[in-house]
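Biologist: Could you walk me through this one slowly?

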Amino acid sequence: QDKDIKMTEFWLISAPGEKTCQQTWEKLHAATTKNNNLSTNSKFNIPDLKVGTLDVLVGLSDELAKLDAFVEGVVKKVAQYMADVLEDSKDKVQENLLANGGDVWLLPQELGLQYSHLNNYSGFVDTVPFLFIFKGVNQIDNDLKARASAYNNLKGNLQNLERKNAGSLLTRSLADIVKKEDFVLDSEYLVTLLVIVPKSNYNDWVKQYETLAEMVVPRSSNVLFEDQDSYLCNVTLFRKAVDDFKHKAREYKFMVRDFQYNEEEMKADKEEMNRLSTDKKKQFGPLVRWLKVNFSEAFIAWIHVKALRVFVESVLRYGLPVNFQAMLLQPNKKTMKKLREVLYDLYKHLDSSAAAIIDATMDIPGLNLSQQEYYPYVYYKIDCNLLEFK
């Protein structure tokens with residue numbers, strides 16, 4: 001299917017097993033794909049967990065909702081930071097956001113449970129190692145903060161230096177522009193000034209600079225550099241005439257720049273810039289690798305949490321013995337409303353309150369389960385629109 005018409009969101013739903021769970025799956029698959037191509041579907045296999053008391057399940061339902069929100073937040077933070085780090089190569093973000101080497105946008109059902117810690121687990125659902133999931137994802141969150149802070153610091157310092165090397169001739173660093181031979185140095189009487197001359201006034205400068213004050217050295221001015229609007233010129237004069245010269249120059253819109261030639265300082269600036277630039281390059285590769293690995297870890301943890309939520313919610317809704325089929329749907333962007341209607345028709349019999357819900361978006365008191373829309377079947381959205389940038 002053309003990727004453009006697919007949503008980067010998945011609907012993870014479950015319905016009670018009919019005669020067999022296979023039958024539940026076939027019925028859904030036929031209703032959503034035969035003649036109408038509403039969604040791409042696959043079974044979502046959840047391990048057989050044991051169920052304790054109803055109270056435990058209700059408590060778990062709340063815990064898992066909080067865990068789901070937390071893990072989703074971390075997944076999105078890692079994805080967003082990947083986009084920030086890749087800067088101009090944002091189009092490469094998707095190929096870097098892979099989980100277990102598979103494209104997030106294609107196969108959450110495989111990603112989530114293929115290498116799952118849950119797969120070989122057959123204990124009680126409330127003894128699933130939630131703390132293990134939380135600790136792992138919390139660690140990723142803390143590491144991300146530390147790594148992002150160090151890298152952003154470096155990036156910020158480099159940007160500040162780069163800014164100093166750009167901008168107008170009045171403020172930018174001149175380390176790469178001026179040379180020792182542009183100045184009269186170590187003279188008791190003479191000093192070289194740097195003057196920014198607007199291009200439109202350059203002819204005036206050539207005519208006037210020798211007369212702006214007494215004691216200007218004739219023919220001592222050269223153009224050292226130009227940007228779009230101005231020339232940077234030098235001029236040599238006697239120290240005692242400097243104040244006069246500055247004052248008079250201002251009348252002609254010639255700006256004398258406050259600048260002392262200091263080779264050591266300029267060298268230090270250049271070295272700092274090279275050092276930061278090298279450091280940033282050195283850190284970039286390992287940081288991107290760390291983000292890839294930990295995006296995968298966090299994403300898989302997120303799908304585990306979704307799987308557990310489906311399990312707990314299905315038992316709470318459909319009762320015991322455990323008998324339901326979980327299914328993953330990737331809706332077709334253009335026919336989402338139609339897909340909702342088909343699902344409603346398939347499953348409205350599950351729930352007496354479903355009859356009251358004509359419009360699924362209506363707000364019905366008491367049915368707003370942790371901000372989830374309410375449907376007669378168990379439903380969780382896996383939103384893979386992980387990035388806010390376009």
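Biologist: How many Å² does the protein expose, and what share do carbon and sulfur atoms supply?
Modeller: The protein exposes about 21300 Å², of which carbon and sulfur atoms supply 50%, with accessible areas taken from the Shrake-Rupley method with a 1.4 Å probe, where for residues only the protein chains shown count as cover. This is a predicted model, in which local features need pLDDT of at least 70 and side-chain atom pairs count only at pLDDT 80 or more, while totals for chains, interfaces and linings use all residues. Residues are numbered from 1 along each chain as its sequence is written, and side-chain values use heavy atoms, leaving out hydrogens and water.

Biologist: What share of the residues counts as buried?
Modeller: Of the 390 residues, 45% count as buried, meaning under 20% relative accessible area, whereas exposed means over 50% and partly exposed lies in between (1.4 Å probe, protein chains only).

Biologist: Which residues touch the most other members of the largest nonpolar core?
Modeller: In that core of 73 residues they are Ile 13, Leu 28, Leu 291, Phe 311, Leu 343 and Tyr 347; a nonpolar core is a set of buried Ala, Val, Leu, Ile, Met, Phe, Trp, Tyr and Cys residues joined through side-chain atoms within 4.5 Å. Its largest share, 18 residues, comes from H8, and helices (H or I, at least four residues) and strands (E, at least two) are DSSP runs, numbered from the N terminus.

Biologist: And where is Phe 238 found?
Modeller: Phe 238 is found in strand E7, residues 230–238, and because its relative accessibility is 32%, Phe 238 counts as partly exposed.
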